[in-house]
Amino acid sequence: MPSPVSNVADVLEKGAAYLAARRVPDARIAVELLMSRLLRCGRLDLHLRREVVLSGNLLDAMRRGTLRVAAGEPVQYVLGEVDFRGHLFKVDRRALIPRPETEELVECVLGCEALWAVEGGKPVIMDVGTGSGCMILSLAIERPGSFYAGLDVSGDALALAQENAQAKGLASVVPFLHGELADVVDPGKLDAVISNPPYIATSVYEQLPGMIRDHEPRLALDGGPDGLGIIESIIGDAAIALKPGGHLFLEIGHDQGGRVGAMIEDAGYTDVQVRRDLAGHDRIVHAVIE
Ligand SMILES: C[S@@+](CC[C@H](N)C(=O)[O-])C[C@H]1O[C@@H](n2cnc3c(N)ncnc32)[C@H](O)[C@@H]1O
């Protein structure tokens, strides 16, 4: 670690250089996130505080956080929280760190006029593989009044999702259930199934950077030999759990659009659309069950 320095600008500069020298990706962003958490301000406000002198306690906390990131821990786990669509959710090793691509899936659901036009205007929406609960809780915050639930096969993830629901005042509004879709939902009950399932092929998972593999749950990432096993079972289970005309929204891998689109058509869905993310990759599939 660099020798103690006292103002925000110096600490950011030296911390970023320290992390960059250890090949931590996005080193500057990582130290800015740590600093903005400690100073309880937005990252963009840090430049206004460049000259602020840090107390010994803040310097120590910054040093501890920087060392954890340098040792390979994702900065979001060090912070213990992540911003998802402007909502802060608690995150730790019990569940995947929500990714920005997944915010687009929520945007897609919110923008689906046919879904919100169901009789009564309150669709029943199930999040399969809810993890931290970021998707279903964001929907419950941004579009209150509908029926939301999350499920997961990981008890750890469900405990975290419940803590997030509690923190948002939604514990009595959004139930979280243990199991797979077919275990917990009767046929023809849902207006929408949303899911960001594990979709990385095992051989690709094994090559992921240590920052991901050594810290985030394998159950959240490894989708089996071709990455498509869990996607396939969700497509089949959702075809039964959805009401006729119900919607399926899935996040997929960047090269899975063709294969997942074909699986969905084979399972009896129509209006299959594969949408690209901001980087131009296949990312979200939306389809309607007949
Ligand atoms: C990629 S993570 C997504 C977490 C969260 N929805 C997000 O987007 O940040 C996938 C989640 O699916 C869960 N999972 C894995 N297999 C499952 C299955 N067969 N049924 C339900 N959930 C499953 C994992 O435990 C994990 O929490």
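**Close-up views of a predicted protein–ligand model**

**View 1. The whole chain, with its 13 helices and 9 strands.** Helices (H or I, at least four residues) and strands (E, at least two) are DSSP runs, numbered from the N terminus. The radius of gyration, taken over C-alpha atoms, is 21 Å, close to the 19 Å that the globule rule (2.2 Å times the number of residues to the power 0.38) gives for 290 residues, so the protein is as compact as a globular protein of that length. Along the principal axes, the C-alpha atoms fill a box of roughly 65 × 40 × 35 Å. The model is a predicted one, in which local features need pLDDT of at least 70 and side-chain atom pairs count only at pLDDT 80 or more, while totals for chains, interfaces and linings use all residues. Residue numbers start from 1 along each chain as its sequence is written. A residue is called buried if 20 or more other C-beta atoms lie within 10 Å of its own, exposed if 12 or fewer, and partly exposed in between, with C-beta atoms placed from the backbone; on this basis, buried residues make up 38% of the 290 residues. Of the contacts with a separation of 6 or more (contact meaning C-beta atoms, placed from the backbone, within 7 Å), 65% are accounted for by residues 24 or more positions apart.

**View 2. The shell of 23 residues that surround the ligand.** The closest of these residues are Gly129, Gly131, Ser154, Asn196 and Ala220, where a residue is near the ligand if its C-beta atom, placed from the backbone, lies within 6 Å of it. The elements that give two or more residues to this shell are α7 (134–142) and β4 (147–152). By class, the shell has 14 nonpolar, 7 polar and 2 charged residues, with Ala, Val, Leu, Ile, Met, Phe, Trp, Tyr, Cys and Pro counted as nonpolar, Asp, Glu, Lys and Arg as charged, and the others, Gly among them, as polar.

**View 3. Strand β3 and its parallel partners, β4 and β6.** Strand β3 spans residues 124–128, and 4 of its 5 residues are buried, so the strand is largely enclosed by the rest of the structure. Strands pair if DSSP finds at least two bridges between them; β3 is joined to β4 by 5 bridges, and Asp127 has Gly150 of β4 as its bridge partner. With strand β6 (residues 190–195), β3 pairs over 4 bridges, and here Ile125 is matched with Ala192, while Val128 is matched with Ser195.

**View 4. The right-handed β-α-β unit made by β3, α7 and β4.** The crossover is right-handed in the sense that, with the strands pointing away from the viewer, the path from the first strand over the helix to the second runs clockwise. Helix α7 is mostly covered, with 7 of its 9 residues buried, and these buried residues are Cys134, Met135, Ile136, Leu137, Ser138, Leu139 and Ala140.

**View 5. Strand β6 and its pairing with β7.** In β6, 6 of the 6 residues are buried, and the strand is thus described as mostly covered. Strand β7 (residues 242–251) pairs with β6 in the parallel sense over 5 bridges, and within this pairing the bridge partner of Val193 is Leu248 of β7.

**View 6. Pro123, in the loop between α6 (113–116) and β3.** Pro123 is buried, with 24 other C-beta atoms within 10 Å. Not counting residues up to four places away in sequence, Pro123 touches Leu115, Trp116, Val118, Ser146, Asp191 and Ala192. Although Pro123 and Asp191 are 68 residues apart along the chain, their C-alpha atoms are separated by 5.5 Å.

**View 7. Val106, within helix α5 (residues 100–110).** Val106 is buried, having 24 other C-beta atoms within 10 Å. Leaving aside residues up to four places away in sequence, Val106 touches Arg85, Met135, Ser138 and Leu139. Val106 and Glu142, 36 residues apart in sequence, are 10.0 Å apart in space, C-alpha to C-alpha.

**View 8. Val69, within helix α3 (residues 56–70).** Val69 is buried, and 24 other C-beta atoms lie within 10 Å. Its contacts, not counting residues up to four places away in sequence, are Leu19, Val24, Ala30, Val75 and Val78. The C-alpha atoms of Val69 and Val31 are 8.9 Å apart in space, with the two residues 38 apart in sequence.

Notes:
Contact = placed C-beta atoms within 7 Å.
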